[in-house]
Every structure is written in C-alpha cells, then in structure tokens.
Amino acid sequence: MTTNYTVTVLGLGAMGLPMATRLASKLTVHGFDIAEPRLKLAAEAGITTFSSAQAAAKGADAILLAVRNGQQLTEVLFGENGVAPILDQGSVVILTSTVGTEAIPATVERLAEYGVELVDAPLSGGPVRAGGGDLLIVVGATPSAREQAAPVLDLLASTLSVVGDKPGDGQALKTVNQLLCGVHIAAAAEALALADALGLDQAKTLAALEAGAAGSFMLSNRGPRILEAYTTSGAEVLSRLDIFVKDMGIVGKAARAAGLAAPVAAAAEQLYLLGQAQGLAASDDSAVIKVVAPTRRHAG
C-alpha cells in the first residue's frame, strides 16, 4: 500500500465501492456514504470509513466523487456539510459521474477559491470492470490536475483518454458516448422484440447478430440481460434504467443547446421515460424491452 497518497471516495454505491476497493490495493482509501449498509460493506472490504463526508475528506490528496447528478455534486462540495472548505490547497476533486457540462464552470470557479482543481473524469465499464481497474475514463483537466490525480486514474483505467485541458471536456465526450449507448440498448431491445414477434428463437438470433455486421459491444453486453428481462427476477441490476433517463436527458439538452437535431436519441429517451413511468426505474436498463413488448409472444 502507498501510504503517502490518500484518496477519499464519496459515494460507495454500485460503482463507488468497487472503485474504492480497487484503489485500496495500492493507496490509502477513506470512504463515506449516506447509506449505512454501504458503509458496512466498505468496512468489510478494508476501506476506512467515516461518519461524515468532511471527516473522510480531511487531509486527502484527492476526492473521488461518485454522485448521481449535478445537484448532488453541488451539495457534496458546497452544501451545508460540503467538503470544499476543508480540502487542502493543491488537492483535486475527481468527478467520475455523468452530470453534463452545465454544472462544471461554476464548480471549477468555486473550487478555485479553495485552491483546489477539478478533474472531469466520467467513466464507463460497470461495477465488475471498476473492481478490476478495467474502466474507460475520459478526462478533461489541466496538466497539473491530471498529474495530481494520476495515482487514482491509473489504477482505475485500462483506457485513459485525455480529451482536453479543461474540465467540461470529459463531460462533453461522455455525453456523446451516452447518446450511442442509450440508442444501442434501445435498438437491441427493439430488434430482439421483433425477433420474438417473428417467431425466432431470441437466443439464437442474438448469437447470429453478434457474429455479423450488426454486432457491437453494447449488443453483446446487454443482449443476454435483455433476454433475462422477462424472467421472474429480471436481469441482475448492473445499470439502472433511470440512469439512462438522466443521461439521455443530458444528451437532449446538449443537442438543443448546440442547435443540433437528434431525433434518434430523442426516440430512445422516450422509451426510457416510458419505462420509468411503468415502474421499471430501478430495474436493469435491459428491461427497456418490456416497454417495446410487455410480454414475450413465444416461449424461450
């Protein structure tokens, strides 16, 4: 363990906890989450946990934020019990969440008052890859901030793409990424629903599609889970459907601000919104097939 570098992970959820566990293999890791069960799991994984975000963040070289949206970002940093005022000058805040570009400029400006830089580093890969240091991380940050954050980013990423020297660049690229991911999942669900409606075996259809020009990472990753959506327990929740409600909302807002038509993204967003309205918000995002086809027509 490298004891002279401390990273505090704030948010020990589905992504935060495996990231904290991965980081603890080499660095000193402090952790905090508002949910007591997550704190217990973190402690069992060898993370030093604290009763408040401020206590966990005190003296850290880097703060890794795994928050849900821009509102939580602001609250964690600058709210009544926000950590920004107690951070050491020269430390960095590493934002791993997808919150969109809108919240970034004000966050950068307010952190600068405390001598702290923001590393805009949204990531992709899911909990399993997070625990193995196999994430894709896209980074927008100054060279000095990237250097300060390097011990954390290097442990978490198998692919680290620096897309710009200013915070917000990472969020912009992640917005583009989420447009494609959200559309791919919706399209895969629609295709497999059509296969079923045509009387085809869905599993055999999926295998055939994966081997051809229609294959993609998202089809191979979500396809099996899409087929599990109709089982009694549904697919294991690795990425909640309402995450794509949020992310496709970010995509749509960005496209409108840029004066760009994005009709395919808008159609996909409506499927996720319908899924949320139908009570599927906490289900795996693969459950979007149940919006297209509420029940299967043919036995598996």
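Author: A crossover is called right-handed if, with the strands pointing away from the viewer, the path from the first strand over the helix to the second runs clockwise. The model discussed here is predicted.

Reader: Which helix makes a right-handed β-α-β unit with β5 and β6?

Author: Strand β6 covers residues 117-120, and β5 pairs with β6 in the parallel sense over four bridges. Within this pairing, I94 stands opposite V119 in β6. The helix that completes the right-handed β-α-β unit with these two strands comprises residues 104-112 and is α5.

Reader: Through which helix does the chain cross from β4 to β5?

Author: Strand β4 (residues 62-65) runs parallel to β5, and four bridges join them. A62 of β4 stands opposite V92 in β5. The crossover from β4 to β5 is a right-handed β-α-β connection, and its helix, residues 70-78, is α4.

Reader: Are the side chains of V92, V93, I94 and L95 in β5 buried or exposed?

Author: In a regular strand the side chains alternate between the two faces of the sheet. Strand β5 (residues 92-95) shows this arrangement: V92 and I94 point one way, and V93 and L95 the other way. On either side, these residues are all buried.

Reader: What is the relative accessible area of L200?

Author: L200 lies in the loop between α8 (169-197) and α9 (202-210). Together with L194 and L198, L200 forms a nonpolar surface patch with about 310 Å² of accessible area. Partly exposed denotes the range between under 20% and over 50%. L200 is partly exposed because its relative accessible area is 43%.

Methods. Residues numbered from 1 in each chain as written. Predicted model: local features only at pLDDT ≥ 70, side-chain atom pairs only at ≥ 80, totals over all residues. Heavy atoms only, no water. Buried < 20%, exposed > 50% of the residue type's maximum accessible area, 1.4 Å probe, protein only. Pairing = 2+ DSSP bridges. Patch = residues over 30% accessible without salt bridge, like charges linked within 9 Å, V, L, I, M, F, W, Y side chains within 5 Å. Areas by Shrake-Rupley, 256 points an atom, 1.4 Å probe, with all protein chains shown as cover. Salt bridge = Lys/Arg side-chain N within 4 Å of Asp/Glu carboxyl O.
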